[in-house]
Amino acid sequence: MILLKFYLPVYLLLYIMVAFLLPSYRTYRKTGLNPITFGKTDNAHDYIGFVMKVLVVLLFVVVFVYSLSDTIYQYLTPVSYLVTNTFLTCGLLLIHVSLLWIAVAQYQMSNSWRIGIDENNKTELITKGLFSYSRNPIFLGMTVSVAGIFFILPNALTFFLMLATYIVIQIQIRLEEEFLERQHGEKYLIYKNTTKRLL
């Protein structure tokens, strides 16, 4: 468990780098465009972006509390009967497979990668690779990642984060679907009818 307390913060930093920073930098270098499209207005899109940031911060909080203080961690109400080697192994498997899945999906998105909805620049509709199995493989990977953290650290906060992440991602997916229908028309509707939303 001492190794886990060291490894989880390292993994989380790696996750942020692989899932957000590196693809954003790569897209900016190739296109000159800022792929981060969430703003500071009070519309639904930007509010979802704000909530996502809060959830990421809370994820860091729970991992660092676990790593730094057993006493404070008890205030997160650990579910002791779920603290088993089986749950831990499943959680570790989920977070690593999902990170690999996200990295592959982002590579396949190439210059179409965005964080949020880009109303100003038309992007290519990606339908091959992992996108032929899921319309939202990156969101799927993120959902599985948070579920994996719950399996590793089963407590009240990680349970809340797992549910909240799923709900927020489902809302964001639907906002993006409306946008993609406007941008790609019939091509997107055909893709939507032949490929599942998540898996």
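Me: How many Å apart are the end C-alpha atoms of helix α4 (residues 85-109), and what span should its 25 residues have?
Reply: This is a predicted model, where local features need pLDDT of at least 70, side-chain atom pairs count only at pLDDT 80 or more, and totals for chains, interfaces and linings use all residues. Residues are numbered from 1 along each chain as its sequence is written, and side-chain values use heavy atoms, without hydrogens and water. Helices are DSSP runs of H or I, at least four residues, numbered from the N terminus, and the expected span is 1.5 Å times one less than the number of residues. For α4 that should give 36 Å, which agrees with end C-alpha atoms that are apart by 36 Å.

Me: What covers the buried residues of α4?
Reply: Buried means under 20% relative accessible area, exposed over 50%, partly exposed in between (1.4 Å probe, protein chains only). The buried residues of α4 include L88, I95, L99 and I102. Contact means heavy atoms within 4.5 Å. The cover includes α1 (2-31) and α5 (137-152).

Me: F150 and F151: which is buried and which is partly exposed?
Reply: Rings of Phe, Tyr and Trp (its six-membered ring) pair if their centres lie within 6.5 Å; planes under 30 degrees apart count as stacked, over 60 as edge-to-face, the rest as tilted. F150 and F151 form an edge-to-face pair, 6.2 Å centre to centre with 85° between the planes. At 24% relative accessibility, F151 is partly exposed. At 9%, the buried one is F150.

Methods
Helix = DSSP H or I, 4+ residues; strand = E, 2+ residues; numbered from the N terminus.
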